[in-house]
Amino acid sequence: MNACPGSDLHPSPGPDPAGTADTAEPAAVRLSGASVTLGATPILNQVSLSIARGEFVAVLGPNGAGKSTLMRTILGLVPVSEGSVTVLGRSPQQARGQIGYLPQRRGLDQAIRVRGIDLIRLGLDGARWGIPIALTGRARQRRHSERERVHEVIELVGAGDYAARPIGELSGGEQQRLLIAAALVRRPELLILDEPLDSLDLPNQAAVTALVRRVCSAEQVAVLLVAHDVNPLLGYLDRVVYLGGGRALVGGVEEVITAPGLSALYGAPIEVLRTSDGRLVVVGQPEAPHHHGHRHLPQ
């Protein structure tokens, strides 16, 4: 288990947690003593973590813990005030073309007539200027490869039955599958999903989580999934990053989401309970209570 500098926790002995210490391949994401301040407010404080390529990692914590700030830092949209951040061995700005990003979904109006397949194509064509008047042989080959890739990701996310329908007519789970396909279509090496389970019912949460696990394995893409609640993700994750008080705790679910670990992270007594059906409940969080996460409850 990793702990960022300044915490009361200490990393366990053993190999580099991301498995990158002795290999030539750089980590998908590496933060070393990274701090972020927005205005005069410190958000992240000397966070260190390393995510390997092909890992499925959840970023957890209550509202205001810095989850979105961490994602924006990895995307190169927010600078660090100290420490360093590398993505795929480069600066976040240099690696941005290899990152697939799905922001928080605000809902898609039923009046939207854009088809799912057209939305996915935007993931390929959105950065292009104009339409070629005459396609060369190379351009035709590229277009053929792109069409194949669009159909490939539609099948990968299991959206073949409804990809040709207007996206505004689809259910929340169907929309989310198509949005994930759009983020995947350019073959990213890192996929960032910001609260993709929000507003979905429990069956769709389970289905989307299983889909992300399958994508992670099939595409060998590192996945960072921001969530309030670890419970829909149990059994699918490689590791978790738990944020609190500007710091981060990194490791397996059973390592990180424990009473001693979270109490040390927050500097306050925290209880972790497991219900009869295996769900985790975190009790006693010092921040203002919120009602989405692991059912965080006020003291």
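# Close-up views of a predicted model

**View 1. Helix 6 and the residue that follows it.** Right after helix 6, the backbone of glutamine 220 adopts a positive phi of about 50°. Before going further, please keep in mind that this is a predicted model. Helix 6 itself covers residues 202-219, which makes 18 residues. From its first C-alpha to its last it reaches 25 Å, close to the 26 Å expected at 1.5 Å a residue. At the start of the helix, look for aspartate 201, where a side-chain oxygen comes to within 2.9 Å of the backbone nitrogen of asparagine 204. The view thus takes in both ends of the helix: aspartate 201 at the start and glutamine 220 just after it.

**View 2. The buried residues of helix 6.** Which residues of helix 6 are buried? They are Gln205, Val208, Thr209, Leu211, Val212, Arg213, Val215 and Cys216. Do keep Gln205 in sight, as this residue turns up again in the next view, in the lining of a pocket.

**View 3. The second largest pocket.** This pocket has a volume of about 190 Å³. How many residues line it? The lining has 12 residues, and those nearest the centre of the pocket are Leu197, Asp198, Gln205, His228 and Asp229. By residue type, the lining divides into 4 nonpolar, 4 polar and 4 charged residues.

**View 4. Helix 8 and its surroundings.** Why is helix 8 described as largely enclosed by the rest of the structure? The helix spans residues 259-266, and 6 of its 8 residues are buried, so the rest of the structure largely encloses it. The buried residues are Gly261, Leu262, Ser263, Ala264, Leu265 and Tyr266. If you would like to see what covers them, the elements to display include strand 9 (239-244), strand 10 (247-251), helix 7 (253-256), strand 11 (271-274) and strand 12 (280-283).

**View 5. The two ends of helix 8.** At the N-terminal end, threonine 258 acts as the cap, with a side-chain oxygen 3.0 Å from the backbone nitrogen of glycine 261. Glycine 261 belongs to helix 8 and has a relative accessibility of 4%, so it counts as buried. Its C-alpha is 8.0 Å from that of leucine 249, a residue 12 places apart from it in sequence. Just after the helix comes glycine 267, with a positive phi of about 65°.

**View 6. Valine 59 in strand 4.** Valine 59 is placed in strand 4. Is this residue buried or exposed? With a relative accessibility of 0%, valine 59 counts as buried. Its C-alpha is 5.9 Å from that of valine 240, although the two residues are 181 apart in sequence. Beyond its neighbours within four places in sequence, valine 59 is in contact with Lys67, Leu70, Met71, Leu224, Leu225, Val226, Ala227, Val241 and Leu243.

**View 7. Two buried loop residues, glutamate 55 and proline 166.** Glutamate 55 sits in the loop joining strand 3 (41-51) and strand 4 (56-60). Its relative accessible area is 10%, which makes it buried. A polar atom of the glutamate 55 side chain lies 2.9 Å from the backbone nitrogen of alanine 52. Proline 166 belongs to the loop between helix 4 (137-156) and helix 5 (172-184), and at 13% relative accessibility this proline is buried too. Leaving out residues up to four places away in sequence, proline 166 touches Ile112, Arg113, Val114 and Arg115. Proline 166 and leucine 119 are 47 residues apart in sequence, with their C-alpha atoms 9.7 Å apart.

**View 8. Positive phi at glutamine 46 and arginine 187.** Where does glutamine 46 lie? This residue is in strand 3, and it has a positive phi of about 50° although it is not a glycine. At 28% relative accessibility, glutamine 46 counts as partly exposed. Arginine 187, in the loop between helix 5 and strand 7 (190-194), also has a positive phi, near 55°.

**View 9. The whole chain, for orientation.** The chain contains 8 helices and 12 strands. Of its 299 residues, 49% are buried. Among contacts between residues at least 6 apart in sequence, 64% join residues at least 24 apart.

Notes. Residues are numbered from 1 along each chain as its sequence is written. This is a predicted model: local features need pLDDT of at least 70, side-chain atom pairs count only at pLDDT 80 or more; totals for chains, interfaces and linings use all residues. Side-chain values use heavy atoms; hydrogens and water are left out. Helices (H or I, at least four residues) and strands (E, at least two) are DSSP runs, numbered from the N terminus. The expected span of a helix is 1.5 Å times one less than its number of residues. Buried means under 20% relative accessible area, exposed over 50%, partly exposed in between (1.4 Å probe, protein chains only). A polar contact is a pair of N or O atoms within 3.5 Å; within protein, one must be able to donate a hydrogen and the other to accept it, and residues adjacent in sequence count only if both atoms are side-chain atoms. On a 1 Å grid over the protein atoms alone, a cavity is a set of points where a 1.4 Å probe fits but cannot get out, and a pocket is an open set with protein on both sides within 12 Å along at least five of seven lines; lining residues have an atom within 4 Å of a point. Grid points are joined across faces, edges and corners, and a volume is the space filled by probe spheres set on the points. Ala, Val, Leu, Ile, Met, Phe, Trp, Tyr, Cys and Pro count as nonpolar, Asp, Glu, Lys and Arg as charged, and the others, Gly among them, as polar. Contact means heavy atoms within 4.5 Å.
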